[in-house]
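Work through the exercises below with the model open beside you. Try each task before reading its solution.

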Amino acid sequence: MLGRLTIEALPFYSWVAMGGAVVTILTVVLAAGAVTWAGQWRYLWVEWLTSVDHKRIGVMYIVLALLMLVRGFIDAIMMRAQQAIALNNEGYLPPEHFEQIFTSHGTIMIFFMAMPFLTGLINVVVPQQLGARDVAFPFMNSVSLWLTAAGAGLMGISLVIGRFSTAGWTGYPPYSGIGYSPGVGVDYWIWALLVSGVGSTMTGINFITTILRCRAPGMKLMQMPLFVWTSFCTSILMAFAFPALTVVAVLLGLDRTLGMHFFTNELGGNMMNFANLIWIWGHPEVYILILPAFGVFSEVTAIFSKKRLFGYRSLVYATMVIALLSFTVWLHHFFTMGSSPNVNAIFGIATMIIAVPTGVKIFDWLFTMVRGRIIFHPAMLFTIGFIITFVIGGVTGVLLAIPPVDYLMHNTTFLVAHFHNMLIPGALFGYFAGTQLWFPKAFGFKLNEFWGKMVFYCWFIGFYLAFMPLYALGFLGMPRRLEQYTNPDWQSFLLVAFIGSCFVLVGIFSVFMQFYVSIRDRNENRDLTGDPWDGRTLEWATSSPAAPYNFAVIPRVSSVDAFWTLKKEGSAYPFPEQYPPIVMPARTGAGVFIGLFGFLVGFAAVWYIWWLAVLAMVGGMTVLIFRSCNDHAEEIIEPETIMRIESQRKAQLISGGQSVAMGAPL
Amino acid sequence: MLSSRTVFLSKWLTILLALSLLLGCSMQSSPILYPKGPVAETERDLLFLATGIMLFTLLPVYLITFWSCWRYRAKGKGAYRPNWHQSIFVELFIWTGPLVIVVVIGILVVVYTYRLDPYKSLADSEQAFRVQAVAQNWKWLFIYPDQQVAVVNELAFPCDRPLSIEITSDTVMTSFMIPALGGQIYAMAGMTTRLNLKAYGPGLYTGRNTQFSGRGFPHMVFDVQSLSEADFDQWLERVKTSNNRLDDVHYQNLLKLENKHPVEYFSWVEPDLFGRIIGKYTGAKGALPLQKPRNLE
Amino acid sequence: MRPDILQQAMAEHHEECLDNREFGFWLYLMTDAILFALLFATYVSMFRNTANGPEPIDLFDLKHVFLETACLLTSSVTFGFAWLAALHQKRQIVMFWLIITLVFGLSFVYLEVIEFLDMIRQGAGPQASGYLSSFFTLVATHGIHVSIGMLGILMMVLQVMIKGLSPQVCSRLFRLGLFWHFLDIVWIGIFSVVYLPVFI
């Protein structure tokens with residue numbers, strides 16, 4: 001009846017694991033309790049969970065990302081603490097728990113922190129930058145969100161029921177095969193990836209369509225803001241790389257569940273196929289994570305240098321080259337598998353070529369700052385911190401792209417330091433900068449700058465303290481994923497790294513402190529005009545927060561920095577006498593239910609509860625079929641409502657000191 | 001009088017200096033920075049060379065960053081030109097600069113990837129010394145096919161001859177590495193990979209598996225001894241006096257899951273044991289029997 | 001609010017939505033094509049990994065495969081007839097051809113299942129070797145797609161019956177057609193990569 005789910009599944013094997021389970025349950029109970037206490041279930045359901053408004057979906061993505069950031073970071077600091085003390089002793093974590101932690105840290109940070117974070121930013125910003133009223137497929141957007149949340153839910157429940165994978169976030173077989181890892185952990189990993197991966201593929205399709213087909217009239221491709229360009233390339237990578245993840249996860253699942261032999265040691269399986277397939281997805285994934293951050297940096301440098309972006313064309317071409325090349329380099333993740341020097345050399349060179357467009361981008365941002373007037377807003381600090389840190393990661397990346405050097409440094413902490421050096425400054429700093437920049441757009445008030453700077457300095461210093469020692473440890477020959485060690489030379493470095501992670505802890509605390517302080521002082525920091533930074537692109541033309549329809553009058557675009565041009569022409573804020581009605585998609589709970597069924601399918605398949613899996617699958621299909629036969633999934637915003645919202649906006653603009661162009665043509 | 005701030009700063013500077021000295025001293029034991037063989041040394045030199053070349057982009061980035069942050073800050077002296085957004089000269093510089101560097105390093109990649117191909121026998125007047133390595137849970141078995149002996153968790157070889165290692169795995173994928181002598185290569189069941197290494201002289205090093213392979217992964221280390229001709233003969237004598245013989249039955253015993261297996265000598269080994277271990281997974285005739293995989297989590 | 005303005009806004013919105021959906025559907029087909037491409041690549045790379053087990057030459061029956069191919073290709077043609085009828089707004093004929101398509105699709109899946117069961121009975125199931133795992137996965141993934149397509153056809157028959165050939169229904173029919181023809185192309189790939197080389 002319950003498959004292999006028994007009472008054994010509860011984490012009684014270690015007090016730390018038990019603690020994790022208790023904290024998870026408490027968090028859920030407390031959150032549910034708080035909503036009940038405030039009597040806000042209905043508001044939550046109507047205004048948020050069932051919303052198909054891209055801005056709300058984006059915010060929900062980011063909330064999910066921040067929650068998972070905390071969870072992933074707890075994993076990280078636990079690992080650092082273990083390694084700081086585990087010289088010639090077991091440390092405080094039992095080995096099987098340490099192994100689950102390094103796997104879940106990687107899985108969470110990539111799939112459930114970075115992916116939702118960037119998807120959230122894209123959701124909030126891209127349609128507004130395009131001058132669009134919504135994304136191309138608002139309902140699919142909601143499904144993507146809830147499938148991602150379902151995957152995150154599977155990660156969460158693996159803390160309470162059963163265990164998580166110990167095979168690392170890339171889950172290399174044959175170790176992750178059913179023979180060597182008979183537990184449910186790898187299955188949790190597979191299903192969390194599969195469920196959320198489908199969501200990411202759909203997000204990719206959604207934003208390619210949105211960007212190609214929903215631009216404001218007049219906006220040529222070469223006039224799109226840079227963040228749109230990088231989001232576009234990211235979407236392409238999502239749509240075309242994630243099928244590879246789906247394939248590899250399904251094949252591994254078939255090996256494990258149906259006893260097939262894709263990646264087993266015996267009967268003709270070949271684990272080298274796994275390495276190829278997962279990195280055909282995995283390398284583009286790196287650029288999926290980094291490109292949107294590059295877009296944020298482009299917007300931030302232009303705004304906070306009070307200057308037009310330098311080398312727009314170069315930046316666009318560089319982005320496209322990076323996206324294209326990202327599909328041609330996957331083999332560099334396993335130079336040490338014994339390929340011939342021909343193969344290794346070709347992939348090594350292909351990898352290094354990516355350094356060229358990346359270098360170009362760095363210089364373009366620097367030359368945007370040159371001859372500008374730099375304001376050291378937290379977003380700008382993140383950008384400068386990114387530039388000076390990221391280039392170190394670039395150098396170590398090129399080093400690792402040289403096959404003979406990779407033979408030496410592969411699988412050591414040098415590698416760990418390298419990819420954190422790409423992803424923390426390259427991706428996370430970008431997402432933080434984006435949050436600082438666009439928070440007023442989503443909520444109508446600015447974030448506190450003091451705490452913003454705290455976030456930056458703690459993360460910046462913490463990063464150097466935590467990861468520079470890992471570079472050094474790589475030279476000392478320390479492999480990654482080591483739960484205990486005997487070499488006394490390593491410990492002092494690991495202690496420094498632990499101190500670094502404590503700085504990051506303060507950084508994460510500051511993130512939430514910044515939200516708290518800013519919400520408390522929101523009345524002092526209102527953004528009345530919708531354009532708090534003297535912005536250049538169309539998202540600053542809407543009110544903050546934007547009306548459900550974003551633009552009552554869709555702007556016409558004739559140049560890069562469309563909003564800037566409109567402001568110069570004095571036609572940035574049109575208020576016609578009359579508004580036509582606007583058709584918007586209606587809210588729907590179907591996305592939530594599909595996510596729920598996705599979660600149930602995953603959970604049931606992990607525990608071999610096949611009747612539930614089939615039932616949930618049928619349930620999900622039924623919801624989908626009913627929804628897709630629906631011809632009237634929209635609602636109308638009446639001209640009177642628009643008039644009311646827009647006159648409020650006009651009053652706000654005037655009180656914010658903005659001159660308003662009257663009666664601009666429709 | 002020193003201001004309290006100066007005192008504070010100097011105190012922290014001293015601590016930082018002491019700490020970096022301490023950390024710096026530990027670097028002395030780095031097997032990669034102080035290699036003990038020609039392969040590792042060439043690989044390290046390549047690493048240094050490439051880093052040096054890349055300083056040509058790294059330094060301009062730092063210079064421009066700090067210079068522009070200073071000069072173009074709100075109260076800076078730099079001219080404010082908000083519409084300056086393109087310059088053929090700058091674009092040319094930023095595209096060709098990185099490109100030239102990548103081309104240079106690309107040439108290094110081609111030259112050195114062929115030169116340091118781990119499968120290539122080292123050019124040497126002496127004939128290579130052959131060893132076969134088998135990854136197990138969680139230990140390494142070394143078979144000396146020419147001497148007909150086998151050793152667990154200890155790899156000894158004469159230091160005046162290059163070392164040629166054939167590697168396979170009788171469990172999950174692992175990675176074989178002796179950092180002081182050169183880079184690593186994966187060990188995979190049913191397949192052979194190769195490493196060709198050499199030591200400059202007699203010495204003791206550590207080798208290990210660097211690819212996570214389950215519970216006993218931290219302990220999957222082995223001693224490496226490069227010995228002079230005479231010492232090696234002595235060592236071989238010691239191995240040959242051992243009472244243990246590595247026949248098929250004893251081999252099954254070795255497959256037990258265990259941590260920290262002590263060094264163990266076998267004075268005799270079944271002929272072609274290495275090939276028959278690989279045969280387990282390829283289904284070759286005469287191979288050892290295949291066991292069910294065991295829980296390594 | 002004047003109803004004609006409202007209707008116009010609604011119509012514009014619908015038209016835009018349907019255009020977007022068609023575009024998005026092409027993108028979806030591209031992602032699906034990548035999925036199949038990777039399964040093909042896996043199949044080709046595992047072609048020799050029969051692990052001393054059954055070899056493809058002993059397992060495949062050319063006649064059977066030919067019959068399967070004929071069913072699927074014919075179903076594509078009949079779907080085309082349904083679409084032509086839809087263009088002329090002929091509701092009954094659309095339903096007729098859709099049901100014919102469904103029959104051919106069902107026979108295809110039936111033949112495939114028979115083939116699979118036969119192989120499993122001979123001891124050549126997906127667990128027998130890496131080669132057979134990749135064979136079953138590739139061909140069954142296509143089969144599952146066809147089954148989902150048939151579910152779609154069933155839904156379309158019902159929609160045409162109940163709602164008639166409104167622009168929305170026609171757009172859905174068009175997209176389902178794209179899907180159905182795409183599966184045909186994939187099958188031609190399977191035929192020429194999986195079955196044909198064994199007999200040549």
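The exercises that follow treat a predicted model.

**Exercise 1. Overall form of chain A**

Task: Determine how the radius of gyration of chain A stands against the globule rule.

Solution.
- Start with the inventory: chain A holds 20 helices and four strands.
- Next, take the radius of gyration, 25 Å. The globule rule gives 26 Å for 666 residues, so chain A is as compact as a globular protein of that length.
- Then look at the extents. The C-alpha trace spans about 75 × 60 × 45 Å along its principal axes.
- Check burial: 65% of the 666 residues count as buried.
- Finish with contact order. Take the contacts in chain A between residues at least 6 apart in sequence; 84% of these join residues at least 24 apart.

**Exercise 2. An annotated span in chain A**

Task: State which residues of chain A UniProt lists for "domain: Cytochrome oxidase subunit I profile", and give the secondary structure there.

Solution.
- The UniProt record, an unreviewed entry, lists residues 39–558.
- Over residues 39–558 of chain A, the chain is 68% helix and 0% strand.
- The end C-alpha atoms of this span are 48 Å apart.

**Exercise 3. Two helices of chain A**

Task: Compare the length of H11(A) with its expected span, then examine burial in H11(A) and H17(A).

Solution.
- H11(A) covers residues 355–369, 15 in number. From first C-alpha to last, H11(A) reaches 21 Å, close to the 21 Å expected at 1.5 Å a residue.
- Burial uses a cut-off of 20 or more other C-beta atoms within 10 Å. By that test, 15 of the 15 residues of H11(A) are buried.
- Just past H11(A), A:Arg371 has a positive phi of about 65 degrees.
- Now take H17(A), residues 562–569. Its buried residues include A:Ala562, A:Phe563, A:Trp564, A:Leu566 and A:Lys567.
- Just after H17(A), A:Gly570 takes a positive phi of about 80 degrees.

**Exercise 4. Chain B against chain A**

Task: Find which element gives the largest share of the side of chain B that touches chain A.

Solution.
- Count the contact: 80 residues of chain B meet 79 residues of chain A.
- List the contributors. H1(B), H2(B), H3(B) and strand S7 of chain B each supply at least two residues to this side of chain B.
- H3(B) gives the largest share, 15 residues.
- By class, this side of chain B divides into 48 nonpolar, 23 polar and nine charged residues.

**Exercise 5. Chain A against chain C**

Task: Describe the side of chain A that touches chain C.

Solution.
- Here 36 residues of chain A are in contact with 33 residues of chain C.
- H6(A), H7(A), H8(A) and strand S3 of chain A each supply at least two residues of the chain A side.
- The largest share, nine residues, comes from H7(A).
- This side of chain A has 23 nonpolar, nine polar and four charged residues.

**Exercise 6. Domains of chain B**

Task: Locate the two assigned domains of chain B and describe their contact.

Solution.
- Domain 1 is 31–72 + 86–116, and domain 2 is 129–282.
- Their C-alpha centres lie 38 Å apart.
- The contact takes nine residues from domain 1 and 11 residues from domain 2.
- On the domain 1 side, six residues are nonpolar, one is polar and two are charged.

Note on methods: Residues are numbered from 1 along each chain as its sequence is written. Chains are lettered from A and ligands numbered from 1 in the order in which they are written. This is a predicted model: local features need pLDDT of at least 70, side-chain atom pairs count only at pLDDT 80 or more; totals for chains, interfaces and linings use all residues. Two residues are in contact if their C-beta atoms, placed from the backbone, lie within 7 Å. Ala, Val, Leu, Ile, Met, Phe, Trp, Tyr, Cys and Pro count as nonpolar, Asp, Glu, Lys and Arg as charged, and the others, Gly among them, as polar. The expected span of a helix is 1.5 Å times one less than its number of residues. A residue is buried if 20 or more other C-beta atoms lie within 10 Å of its own, exposed if 12 or fewer, and partly exposed in between; C-beta atoms are placed from the backbone. Domain bounds come from an automatic or database domain assignment. The radius of gyration is taken over C-alpha atoms; the globule rule is 2.2 Å times the number of residues to the power 0.38. UniProt positions are given in the numbering used here, feature names are shortened, and annotations may be inferred rather than shown by experiment.
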